[in-house]
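Please read the following alongside the sequence and the coordinates. The text moves from the division into domains to the sheets, and from there to the contacts between chains.

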Amino acid sequence: MATYSTTHVDTTQLGRGGRTPDPPVLGGGDDGSNGGVPNYGQRLRRARLGLVVLIAPIVMLFVSLTSAYIVRQGLPTFDSTTNTYVRDWGEVNLPWILLAINTAVLLVSSLTMEGARRGITRQAALAPVRSIPGVSLGDEKAFPWLGITVVLGLGFLLGQWLAWKELANRGFFIATNPNSSFVYLLTGTHAIHLAGGIIALLWAAAASLRRTPVESRRIVIDIAAWYWHFMALLWLYVFALLEFAR
Amino acid sequence: MGLALMVVIWLITLISTYFFAAKTWWLPVGAAASAEFIDKQFALTFVIMGVVFLAAQLGLGYIVWRYREQSSSPPSSYSHGNTNLEVVWTLLTAVLFIGLNLMGSRVWASQRFDAAAPGAVQVEVTGMQFAWYFRYPGPDGKYAPTSVKLMDPSAGGEAAVGLNTSDPDAKDDVVTGTMYLPVDREVDVSLRSVDVIHSFFVPSLRFKQDAVPGLNIHMHFRPTAIGEYEIACAELCGLGHYKMHGMVHVVSQEDFDKWLAAREAEKQ
Amino acid sequence: MATAATLHAHAPQGFIRKYIFSLDHKVIGIQYFFLALTAVFVGMFLSLLMRIHMVWPTAAIPLIGEIKPETYLSLLTMHGTIMVFFVLTTAPQGGFGNYFLPIQIGAPDMAFPVLNMLSFWTTFVAFMVMLAAFFVTGGAPLHGWTGYPPMSAVQSAGPGEGLGADLWITSIAIFCIASLMGALNFITTTLDLRAKGMTLMRMPLTVWSWFITAILGLLAFGVLLSAGILLLMDRNLGTSFYVPLIVVNGQVLGHKGGSPLLWQHLFWFFGHPEVYIAILPGMGVASQVLSTFSRKPIFGYRAMVYAMLSIGFFGFMVWGHHMFMSGMSPYSAFAFSILTMCIGVPSAIKTFNWLGTMWKGRIRFHTPMLYAIGFVSLFVSGGLSGPFLAQPVLDIQLHDTYFVVGHFHLIMGVAAIFGIFAATYYWFPKMFGRMMNETWGRIHFFITLAGTYAIFMPMHYLGMAGQTRRYSQFTEVAYQTKLLPLQTFMTYAAIITIAAQFIFVINLFWSMFKGPKASDNPWECTTLEWTTTTPPPHDNFGGHTPVVNHGPYEYGVPGAARDYVMQNDPATAPAH
């Protein structure tokens, strides 16, 4: 094989300027284009894989916040006025009834979210049948699962805000003591991630108005649903940590 | 090109090694009990890593020259590797590295796992932006409580570390800007900081420990040679970090007692 | 996602869609590359000012004047931050990884092109926010790239610790998000978009390195984000996560009970994987280039993969070795120390294998190969100072001295950069359709190799002599003043080496427009990017997906028609 030199480039094997030789087609060969129709099954799997990957760093964020919580709780500080080590974690009077109600709201929203997910899965599965001329599956009035989930999600956020107000009423602010700092921090971080989930749901709702293909919408709602369930589990974890590990 | 590469790599390697071997710039002479072992462990690591360094770099240079492509070169030797060789050199490296590490652990354990011996000289070292203060607890052997609210560094002495001068326990605490230590006696240091993280580093005494606000860190060492040793702050603490300088004077027990007595007398 | 055929049909039109907000991973890769190129010149300029100030503290620099000690510290902080984040985490992964990962696995694009585009622009915003810190009242922060509180948590701890520090933290938080977006794409793409026949064990080592680096980033950047959030809260909301009761500038502050060590744990839990993020892609490129230009398969492909996986895995378990002197429990120090020695083992294996790759090969000395060889040399030099620092009892003497600075600069500041140079000279023909100039490449290489050794090898001597880090000048401590001649030598070496980098930049831009045109496979390589046209078409392979029949490094196969077998050559060609 000729070695490379700047003045003479050996192009006999590789066809400079032309196309590279076609790769050989081995058995069942197609050009992967699926006849111009997007492979929704593959797209869904890929989107779900992406979601699993996304969940990992969110978990790491909360793992590190938990670690900081536990360390800060137990760590004593040196008090030079008494030459001893003291702990200053402090107490917080958590409005646990409010938080319990919020938890219930979120869990119900998970149920409605699952309803939306299964609903659209069914619609996507039936779409080819519906497209056969002359076939009718009757006019189903779709139950507004998605809309209810959004309302419940917003309700949760409102409820968290009310819980914050109640905390303030009880005299616990962000910098009152380390315990209260973490209460605001953990609930706030969760709320921000949940808000992201709500935005995804609103995007899905907008997609249905724009008449994007049902298989496409199905993917968005499927991913949003699993993310939503993860948010619910995450909330259960945060609540349990704040309530039982204080 | 192969030759040029080999020459350059070999030159760089040999010049670097020369300065290491000649100890042109080296650890300062050790003046503490731990120096003997630390320096031995350092030398051992140094020799082993030096041998590996020479072998790898000289080998790299040689290979690059020996196997340069020429019209007379044989075809390259097609091989995907050699599993036995991989296993052997993996095990050897693991044994070497971990063994070296375990050897050094003994002194680490004795210096840091165990508390200071009873009868050690007590000194509290306080770091602040940008000076070191030293407090000796005096005959009662206790450090009087301090408070950040009482601190006034511009006044120096007791006020710098926040002592309450009307506190009876504080009457015998001596605060100085220079550290005096008696030779051949263990020193029990309590490290504190009042603002940001500093680090108390005395190269000749082979001693370094961060002074962390919110902590009171106990550490011990034993100076073995009379002399004056510089302290350099070894943790970025602000714009005066480069001039947070201090001195440790290691003197005979007699001179130390005289010095301490003189400081106590000044307080009356 | 779009298949090759649909992408082929829907190439974007219009300048904005093609070059600014492009969804094409190749364009995005080049955007990252130029961001990193800008950042590295900013970072180098800062280091030049630092080196000049250290040996001539009162010198007046043209257009800038005399540098004050606090300015020195902000130069130092921004140099470290910009280099680590915007150069070393950006160019190898965001630049070359984005461009070549899909092509090397036979995919038409990344799994999520819109996310890819957003990840670049978010990185860009982070860079702008970081640069803004220079221009606000008080200037850039002083607390070092490691940002230890209470210094970084208290607005009055020094100039620049006000708004400058808030911008610094915000920029890093934005960068975390951008990195996580990128990591998501890399991992999904590698797992889900490989062409037929491209099994995991046939992927080029560059792909493995980008993949493992993305996993490290995925798990580490979330922790940095939480550390940064806590710091912002301490600074602005009066919390006490990190800050105990302290008095700064005569004022007793309102915090109490916080732990500075908490930051160190969180930061280094991120920080240690971060340095592996910086070096792993360079290792991948070194393997690729060494194999290609030795005309020999990589020695021990599987071992190389396992070594990178072990480095990634152990990388999460050694963070405490940055904290031996911090006041952390000495028992923990012992555990971290043993784990740190363990991570030295896979690194050593990789070095043996690189040497084994060149052994009995037929070495061709094109510029990419020079840099790959330089990489091995520098990795050895930088790596061997590790076992000193990994032993706590030796770290007593060496922590926070120039010994550490020499160690990490040789690995991150030179070896990783050599990996970037090797990648640039190697893939330039494929990206821009022209060859870079070999003669100027060689001149650049030799000056940079000798120059960087001249700057960073003496740092080990300084460290052993007790020269502490982050000192803006050496006039106050007697034993350090004696070390000034060596420092001056290093400054001269730095001036020459930095000047030589302009050779590279001129070569780069000149060759883009005037270099001799490149063929599709000028280096005679086996991996998939060399099977397609130069530069590749929008969907990478011109309408069809390659089918892979061979491993990535089939060079010098006995009995083959020529001395390399491409990955998509027919299966009947003898190879593995």
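What follows describes a predicted model.

Chain B is a convenient place to begin. Its domain assignment gives two parts: domain 1, made of 2-68 + 83-112, and domain 2, covering 121-267. The centres of domain 1 of chain B and domain 2 of chain B, taken over C-alpha atoms, are 37 Å apart. Contact between these two domains of chain B involves 9 residues of domain 1 and 13 residues of domain 2. On the domain 1 side, the touching residues comprise 7 nonpolar, 2 polar and no charged.

Domain 2 can be followed through its strands. In chain B, 5 strands form an open sheet with mixed pairing, in the order β4-β10-β9-β6-β7. Its edges are β4 (179-182) and β7 (207-211) of chain B, each of which pairs on one side only. Ignoring direction, neighbouring strands of this sheet are turned against each other by 20 degrees on average.

Going across the sheet from the β4 edge, β4(B) and β10(B) run parallel and are joined by 4 bridges. In this pair, M179(B) stands opposite V248(B) of β10(B). On β10(B), the covered face carries G246(B), V248(B) and V250(B), while H245(B), M247(B), H249(B) and V251(B) make up the uncovered one. The next pair, β9(B) and β10(B), is antiparallel, with 6 bridges. Here E230(B) is set opposite M247(B) in β10(B). M247(B) is also one of the residues on the uncovered face of β10(B), whereas V248(B), the partner of M179(B), belongs to the covered face. Strand β6 (residues 198-202) of chain B then pairs with strand β9 (residues 227-233) of chain B in the antiparallel sense over 2 bridges. F200(B) lies opposite C233(B) in β9(B). Helix α5 (residues 253-267) of chain B packs on this sheet, where it touches β4 and β10 (245-251) of chain B, and its direction makes about 140 degrees with that of β4(B).

Another set of pairings in chain B involves strand β5. Is strand β5 (residues 187-193) of chain B largely enclosed or left open by the rest of the structure? Of its 7 residues, 5 are buried, so β5(B) is largely enclosed. The strand has a parallel partner in β1 (residues 121-128) of chain B, with 7 bridges between them, and G127(B) faces S193(B) of β5(B) in this pair. An antiparallel partner of β5(B) is strand β8 (residues 217-221) of chain B, paired over 5 bridges. In that pairing, V187(B) stands opposite F221(B) in β8(B).

The contacts between chains come next. Between chain A and chain B, the contact takes 6 residues from chain A and 7 residues from chain B. The chain A side has 1 nonpolar, 5 polar and no charged residues.

Between chain B and chain C, 84 residues of chain B are in contact with 94 residues of chain C. On the chain B side, at least two residues each come from α1 (2-21), α2 (35-66), α3 (83-112), β6, β7 and β9. The most come from α3(B), with 14 residues. Divided by class, this side of chain B has 48 nonpolar, 24 polar and 12 charged residues.

A single residue of chain C illustrates contact with chain B. W359(C) sits in the loop between α11 (330-358) and α12 (367-384) of chain C. Leaving out residues up to four places away in sequence, W359(C) touches I63(B) and Y67(B). W359(C) counts as partly exposed because it has 17 C-beta neighbours inside 10 Å, and a residue needs 20 or more to be buried. Along the chain, W359(C) and S294(C) are 65 residues apart, yet their C-alpha atoms are separated by 8.4 Å.

The interior remains. The largest nonpolar core has 320 residues, and A286(C), F375(C), A415(C) and A422(C) are those with the most contacts inside it. Helix α8 (residues 205-236) of chain C makes the largest contribution, 21 residues. Both domain 1 (2-68 + 83-112) and domain 2 (121-267) of chain B give residues to this core, so the core lies between them. Around A286(C), neighbours within four places in sequence left aside, the contacts are W354(C), A372(C), F375(C), V376(C), G419(C) and A422(C). Of these, F375(C) and A422(C) are also listed among the residues with the most contacts inside the core.

Key
Residues are numbered from 1 along each chain as its sequence is written. Chains are lettered from A and ligands numbered from 1 in the order in which they are written. This is a predicted model: local features need pLDDT of at least 70, side-chain atom pairs count only at pLDDT 80 or more; totals for chains, interfaces and linings use all residues. Domain bounds come from an automatic or database domain assignment. Ala, Val, Leu, Ile, Met, Phe, Trp, Tyr, Cys and Pro count as nonpolar, Asp, Glu, Lys and Arg as charged, and the others, Gly among them, as polar. A nonpolar core is a set of buried Ala, Val, Leu, Ile, Met, Phe, Trp, Tyr and Cys residues joined through C-beta atoms within 7 Å. A residue is buried if 20 or more other C-beta atoms lie within 10 Å of its own, exposed if 12 or fewer, and partly exposed in between; C-beta atoms are placed from the backbone. Two strands pair if DSSP finds at least two bridges between them. Axes are lines fitted to C-alpha atoms, for helices over the stretch in contact, and angles run from 0 to 180 degrees between N-to-C directions.
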